[in-house]
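Hi everyone, thanks for coming. Please have the sequence and the 3D view open while I talk, and stop me whenever something is unclear.

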Amino acid sequence: MERLDEVRARIAGVEGLRDVVGALRSLAAVRMQQAAERLPGLRRYEETIAGAIGWALALSTVEREPSPRAPGRRAVFVFCAEHGFVGPFNDRLVEAAAAELARAGGRLIVVGARGALRASQRGLVIDR
């Protein structure tokens, strides 16, 4: 009888695990559907950012370092995440921008309110 109870307990455990796996599969399917629905918007965002980078490059000079003939024409662009749960992502971007500005100077342009907040908290002046 003990053996039968043990088998029944294992069967119940496996069934419980099957239920958990089924719930996880359902959640994954919902997430995939949500991601697929957002993909066109993300592609438009990508095109906008690519266009902005192209526009900025068209305005820049060929030189990589600031020219003494054109002071203040250098800018550091930082594109930060706008949503939460990105960990230290924005902090790393702002730190890299601060290091670059300390090294070579220039203006700081931040895309994203959360990144702008982080930059302001570090005492960086954001060009508007």
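Let me begin with a term: helices here are DSSP runs of H or I with at least four residues, and they are numbered from the N terminus. With that in hand, find helix H1, which covers residues 2-59 and holds Ile49. Please keep in mind that you are looking at a predicted model.

Now the overall layout. The protein chain has 3 helices and 2 strands, and reading along the sequence gives the pattern α-β-α-β-α. Of its 128 residues, 15% are buried.

Back to Ile49 for a moment. Is Ile49 buried or exposed? Its relative accessibility is 18%, and the cut-off for buried is under 20%, so Ile49 counts as buried. Along the chain, Ile49 and Phe79 are 30 residues apart, and their C-alpha atoms are separated by 9.1 Å.

Phe79 takes us to the strands. Strand E1 spans residues 75-79 and is joined to E2 by 5 bridges, with the two strands running parallel. If you want to see who faces whom, Val76 stands opposite Leu108 in E2, and Phe79 stands opposite Val111 in E2. To get from E1 to E2 the chain passes through H2, and this β-α-β crossover is right-handed.

Now look at the side chains on each strand. Which residues of E1 point to the buried face? They are Val76 and Val78, while Ala75, Phe77 and Phe79 point to the other face and are not buried. Strand E2, residues 107-111, also alternates: Leu108 and Val110 point to one face and are buried, whereas Arg107, Ile109 and Val111 point to the other and are not.

Next comes helix H3. Its buried residues are Gly115, Ala116 and Ala119. Why do these three sit on the same side of H3? Because they cover an arc of only 100° around the axis. As a general reminder, an α-helix has 3.6 residues a turn, so residues three or four places apart point the same way. On the face of H3 turned away from the buried side you will find the exposed residues Ala113 and Gln121.

Let me zoom in on one residue of that helix. Ala119 is in H3, and it counts as buried because its relative accessibility is 1%. Between Ala119 and Leu108 there are 9.3 Å from C-alpha to C-alpha, and the two are 11 residues apart in sequence.

My last stop is a pocket. The second largest pocket holds about 150 Å³ of space. It is lined by 13 residues, and those closest to its centre are Val86, Gly87, Asn90, Arg114 and Arg118. Which elements give two or more residues to this lining? They are helix H2, residues 89-104, and helix H3, residues 113-121. H3 gives the most, with 4 residues. Sorted by class, the lining of this pocket has 5 nonpolar, 5 polar and 3 charged residues.

So that is the tour. If you take one picture home, take H3: it carries the buried Gly115, Ala116 and Ala119, and it also gives 4 residues to the lining of the second largest pocket. Thanks for listening, and I am happy to take your questions.

Key
Residues are numbered from 1 along each chain as its sequence is written. This is a predicted model: local features need pLDDT of at least 70, side-chain atom pairs count only at pLDDT 80 or more; totals for chains, interfaces and linings use all residues. Side-chain values use heavy atoms; hydrogens and water are left out. On a 1 Å grid over the protein atoms alone, a cavity is a set of points where a 1.4 Å probe fits but cannot get out, and a pocket is an open set with protein on both sides within 12 Å along at least five of seven lines; lining residues have an atom within 4 Å of a point. Grid points are joined across faces, edges and corners, and a volume is the space filled by probe spheres set on the points. Ala, Val, Leu, Ile, Met, Phe, Trp, Tyr, Cys and Pro count as nonpolar, Asp, Glu, Lys and Arg as charged, and the others, Gly among them, as polar. Buried means under 20% relative accessible area, exposed over 50%, partly exposed in between (1.4 Å probe, protein chains only). Two strands pair if DSSP finds at least two bridges between them. A crossover is right-handed if, with the strands pointing away from the viewer, the path from the first strand over the helix to the second runs clockwise. The arc is that of the directions from the helix axis to the C-beta atoms.
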